[in-house]
Amino acid sequence: MQDNILMPGDAAGNYNEKWTRTFDLTFLILWLVLFMLLLCYTIAFDPHLFEAKAFFMKSVVKLSVMMVLALLGGMLCRYYCHTDKKGYITTSKNGWFKVNYTRKIQHFAAYLVPLLSPPTEPWGILPHLWESLFVLFMFLVLIKPIREASSFFMLQFNSLDRVEDRPNTLKWIVLGNMLPGLLIITIFKQIFEISLNLPLLASVVVFTVAIGDGLAEPVGTYLGKKKYVVPSWNLKNRYVRSYAGSACVYFFALLFVLLYKGQFENPQEFWLSVLLFPPVMTLSEAFAPHSMDTPLMMLIGFSLLYGICAFF
């Protein structure tokens, strides 16, 4: 493999290719297929879900909050960075402000906003799947033909479009991060609720990834002096991470285990989690391919906590 190391601010590509030949069209088709499957399943097996108007209203409110946060992030990018004629951010690795900072606003929003006011009803996995589809919709409206036709959506795209990820920004966010991450959360929340009767303990992993991993990149980009490199998930490039960013993951992993101490059923579970959870999450983030660290951290983190609580 050619040793092509990309630093934050290094442009890896552009958006000149016709959108129908890119992931944007695939994403549109994928979302519509998932929507139709979920709609048909709900009509066939749980039609009463559509009577839960409060649930869908809350989901719309959460989606609106996420879009507003993305809009504010894009405005911040526009304030500190230049744009080209189409509205895309232009930056360099020497500039102090980078999209890497604002990108994490959506990282926080996508995983944390749905936790702010969980519905008391309806129960089950189906509502979680609908909420995940709403989250994906926030990214669907950022495909090329929509964002280039609307400054409102282009601003939101600006807040997440790291130049070193181009032209794969949406592809890596959706396929490498959001879609597997949301599915893993949905599945393991059910496992923790039904199998362990410890529904709140799943939040330890979600908060660690959303906040710890979310802050690791801006902390590492701004403060990280000592660096190391990881591959992208397609193995064509390598990307830089920092030990300061990894330390950020360790700190928040330990913090959330301590904050949720009361959710563990016995001292053995708690102390094993204190001992194992922070270093395992740190190593998971450190060695995960670029743009795939979130689902890998979630899979490993959930599995570790489940193993501790199920067997100790």
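This passage walks through the fold, the salt bridges, the nonpolar cores and a few local details of a predicted model.

Some ground rules come first: residues are numbered from 1 along each chain as its sequence is written, and side-chain values use heavy atoms, with hydrogens and water left out. Because the model is predicted, local features need pLDDT of at least 70 and side-chain atom pairs count only at pLDDT 80 or more, while totals for chains, interfaces and linings use all residues.

The protein's secondary structure adds up to eleven helices and five strands. Both are DSSP runs numbered from the N terminus, with helices being H or I over at least four residues and strands being E over at least two. Of the 312 residues, 52% count as buried. Here buried means under 20% relative accessible area, exposed means over 50%, and partly exposed lies in between (1.4 Å probe, protein chains only). Contacts, meaning heavy atoms within 4.5 Å, often reach far along the chain: among those with a separation of 6 or more, 78% come from residues 24 or more positions apart.

Next come the charged pairs. Side chains of opposite charge can pair when their charged atoms come close. A salt bridge is taken as a side-chain nitrogen of Lys or Arg within 4 Å of a carboxyl oxygen of Asp or Glu, and the count comes to five. One of them joins Lys-62 to Glu-131, with the closest N and O atoms 2.9 Å apart. Lys-62 sits in helix H2 (residues 53-80) and Glu-131 in helix H4 (residues 125-140), so this pair ties together parts that are 69 residues apart in sequence. Both Lys-62 and Glu-131 are buried.

Asp-165 turns up in two salt bridges. With Arg-103 the N to O distance is 3.7 Å, and that pair links distant parts of the chain, since Asp-165 is in the loop between H6 and helix H7 (169-194) while Arg-103 is in helix H3 (residues 99-116), 62 residues apart. With Arg-162, the closest N and O atoms are 2.8 Å apart. Put together, Arg-103, Arg-162 and Asp-165 form a network of salt bridges. How buried are these residues? Asp-165 counts as buried because its relative accessibility is 0%, and Arg-103 counts as buried at 8%. Arg-162 is buried too.

The loop between H6 and H7 also holds Pro-167, which is joined to Arg-166 by a cis peptide bond with omega at about 0°. Helix H6 itself (residues 151-158) is mostly covered, with six of its eight residues buried; Phe-153, Met-154 and Leu-155 are among them.

What about the greasy interior? A nonpolar core is a set of buried Ala, Val, Leu, Ile, Met, Phe, Trp, Tyr and Cys residues joined through side-chain atoms within 4.5 Å. The largest one has 75 residues, and Phe-139, Met-178, Phe-277 and Phe-302 touch the most other members. H7 gives the most to this core, with ten residues. Apart from it lies another core of six residues, including Cys-77, Phe-97, Val-99 and Tyr-101.

Phe-139 is worth a look of its own. This residue is found in helix H4 and is buried, with a relative accessible area of 2%. Not counting neighbours within four places in sequence, Phe-139 is in contact with Phe-27, Leu-160, Leu-170, Ile-173, Val-174 and Met-178. Phe-139 and Val-174 are 35 residues apart in sequence, yet their C-alpha atoms are 7.8 Å apart in space.

Helix H9 (residues 243-259) has 17 residues and reaches 24 Å from its first C-alpha to its last, close to the 24 Å expected at 1.5 Å a residue; the expected span is 1.5 Å times one less than the number of residues. Its buried residues are Gly-245, Ser-246, Cys-248, Val-249, Phe-252, Ala-253, Phe-256 and Val-257. They cover an arc of only 160° around the axis, so they lie on the same side of H9. That arc is taken from the directions from the helix axis to the C-beta atoms.

Val-257 is also one of the contacts of Ser-273, along with Phe-264, Pro-278, Leu-305 and Ile-308, leaving aside neighbours within four places in sequence. Ser-273 is in helix H10 (residues 267-287) and is buried, with a relative accessible area of 0%.

Finally, Asn-197 lies in the loop between H7 and helix H8 (202-223). Its phi is near 55°, a positive value in a residue other than glycine, and Asn-197 counts as exposed because its relative accessibility is 60%.
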